[in-house]
Amino acid sequence: MDDMLKEFVVEALDLATNVEEHLLSLERNPGDMNTLNAVFRSFHTIKGGAGFMNLSAMVSACHLTENLFDALRTGQVPVTPEAIEAALEASGFVADQLTALNNGTEPASLSTMPKSLEKMLTDAIEMKGASKKAPAVAKPKAEVAPKKAAEKKVDTPAKESSGELDWEAYFRAVTPPGTLPEAVDAAAEADAEEAEDKAIVQKEEHEAVKSSLSNAEIKQNAPAKEESIRIDAVKLNVLLEVAGESVQAANQAAVLLEKLSQFKFDGQAAPLMSALTETLTRASRYSTELQRATLATRMQPVGRLFQKFPRLVRELARDLGKEVDLNIAGAETEVDRVVVDSLYDPLVHMLRNALDHGIETSEERINANKSPRSTISLKAWQEASSVMIEVTDDGKGMDAQRLRDKAISKGLINSHDARTDDEAFQLVFLPGFSTKEVASSVSGRGVGMDVVKTAVERHRGAIRIASQLGAGTTFLIRLPIELSIVPTMLVRTDGASLALPMATVQRVVELPETFESVGGQPVLRDLGRPLPVKSLGKILGYTPASERVGIVIAAPSPYILSVDAVDGTADLVIKPLTCISTPGITGTARSAEGELVLVISLSFLIDGCKTRERISA
């Protein structure tokens with residue numbers, strides 16, 4: 001793909017995504033003239049670029065859709081569900097063509113515009129099959145007065161339909177000629193205003209097309225308007241890698257300098273040591289700022305991902321015969337670009353699961369004294385160094401006992417596992433688990449939620465489920481804001497240096513020599529609540545020595561993790577494990593002293609460190 005075509009595809013994909021969002025908004029508010037004009041301009045701009053690139057099918061689809069929206073915004077055609085559906089189909093066709101180009105398809109190999117799409121757009125323009133009760137769009141300017149009223153003679157005090165005098169006409173009749181300005185023809189004034197508005201809209205469209213097709217020479221004349229540039233993601237990754245290594249080197253140099261300062265320096269060595277200390281402090285500060293600035297270039301709002309889902313939910317709900325509203329909040333929350341790109345498939349699986357399994361039909365909801373129209377909420381927010389993404393539905397909820405029975409019948413667990421409801425809810429993440437007897441095009445094959453958990457944990461995240469039978473289900477995903485740097489607490493067991501993500505650490509407590517025992521499990525009371533004590537060294541296969549330090553772990557079922565010692569906290573540059581897979585270990589890092597540190601998985605800690613214990617058993 002040449003550079004010009006690549007630039008067109010990137011910009012047109014952004015426009016196509018915005019068009020889809022505008023169309024769904026227009027479906028809820030048919031009289032919004034700003035949205036109508038925005039959609040018209042977007043298709044007009046894409047058509048201009050596609051014509052320049054000789055993409056005939058895209059030009060044809062955009063041209064017909066442009067004609068449709070020209071008729072909609074001028075009031076010639078009302079905004080009907082059929083018109084919105086036709087425009088969505090056209091938007092999808094254009095997006096598919098652009099995606100194919102982005103994936104390397106040659107322009108000559110693109111498909112032609114389907115006849116069905118052409119018919120849908122033509123019928124919408126000609127109002128064939130349109131709903132008779134569809135709301136009409138407000139015209140740019142309402143008519144001021146009917147023509148008959150405008151043609152009234154001003155020299156006679158004509159009567160109105162209500163029986164009252166036309167006081168303006170009466171006043172003009174008794175006033176000497178030439179004293180007052182001539183009366184303005186209302187119909188002519190309305191026509192003039194309408195023509196003026198049309199000229200303004202045409203001028204806006206002309207400026208939009210002119211801006212999108214402006215040449216390099218024009219851009220060079222106004223460099224102040226260049227607010228952003230496109231950079232290859234590979235280059236950003238290399239820059240981030242170098243910035244991380246520079247911070248690591250600066251930290252190690254600071255530790256060496258601290259050890260060196262323990263010695264006594266006399267004569268000329270003293271000022272040199274002072275200058276070296278100042279220089280290394282400045283270098284450390286700048287390297288940290290460089291790393292933060294580089295990370296900021298990779299941060300993107302999750303709204304870029306969320307805006308793809310309203311249409312997906314709309315179409316899937318229609319296929320399933322359910323009435324569903326999707327509410328989105330926190331779209332401005334920023335997270336690492338890699339996380340944004342990798343979350344699409346997991347969120348699609350979660351939304352499909354909510355629609356197919358969680359949401360009832362309208363009849364079922366009415367029988368359960370619920371609103372016939374259900375709601376799915378997609379929300380994101382920042383919490384400390386993590387990004388939280390929540391998917392909630394107000395459906396029928398999950399039956400914990402049914403989940404246990406299903407997992408036991410499939411041989412996925414034994415009768416002693418998943419005793420609590422929280423553990424039962426986690427069974428949906430097991431490979432091959434599904435509560436559906438027959439697989440459909442939406443779900444039932446037992447692979448969807450397994451994909452979700454795997455994708456989340458790949459990025460050092462964790463996912464939990466909360467559900468109430470008859471009230472709904474909530475999926476909560478916790479992900480690090482920055483993938484490469486993780487705030488951690490450094491601990492030690494059996495001589496090995498380990499790092500716990502600070503997102504799960506509540507506090508550090510001193511452990512006694514003996515513990516209370518409940519069901520054979522050592523227990524310690526913390527703030528009045530009995531918490532089980534688990535040995536991190538034993539879980540990971542080390543030989544613990546004297547574990548007298550406890551870390552209270554924030555999890556759905558809190559517990560205390562015993563270690564030999566705590567070495568402090570540090571922001572570590574994490575290197576993922578690529579060649580081997582070790583339960584509980586998500587990656588490695590180097591401490592400021594240059595020592596190799598194993599980083600414990602966030603999901604492993606939140607799940608209560610059960611994976612290794614089950615394997616060992």
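Contact here means heavy atoms within 4.5 Å. The model is predicted. Two regions are described below, a five-stranded sheet with its helices and a helix pair.

By this criterion, helix α15 (residues 344-358) lies across β2, β4, β5, β6 and β7. The helix runs at about 20 degrees to β5. The strands beneath this description form an open sheet of 5 strands. Their order is β2-β4-β5-β7-β6, and the pairing is mixed. The edges are taken by β2 (324-329) and β6 (462-468). Each has a single partner strand, so one side of each lacks a neighbour in the sheet. On average, neighbouring strands are turned by 15 degrees against each other, direction ignored. A further helix, α13 (residues 309-320), packs on the sheet. Helix α13 touches β2 and β4 (374-383), and its direction makes about 165 degrees with that of β2.

Within the sheet, strand β5 (residues 386-393) pairs with strand β7 (residues 472-480). The sense is antiparallel, and the pairing extends over 8 bridges. Val387 stands opposite Leu479 in β7.

The helix pair consists of α4 (residues 81-102) and α5 (residues 115-126). Their axes are 9 Å apart, and the packing angle is about 145 degrees. The crossing of α4 and α5 is left-handed. From α4, the contact involves Ala83, Glu85, Ala86, Ala87, Glu89, Ala90 and Phe93. These residues meet Leu117, Met120, Leu121 and Ala124 in α5. Of the residues in the contact of α4 with α5, 9 are nonpolar and 2 are charged, with no polar ones.

Terms used
Residues numbered from 1 in each chain as written. Predicted model: local features only at pLDDT ≥ 70, side-chain atom pairs only at ≥ 80, totals over all residues. Heavy atoms only, no water. Axes fitted to C-alpha atoms, helices over the stretch in contact; angles between N-to-C directions. Helix = DSSP H or I, 4+ residues; strand = E, 2+ residues; numbered from the N terminus. Left-handed = near helix turned anticlockwise from the far one by under 90°. Nonpolar A, V, L, I, M, F, W, Y, C, P; charged D, E, K, R; others polar. Pairing = 2+ DSSP bridges.
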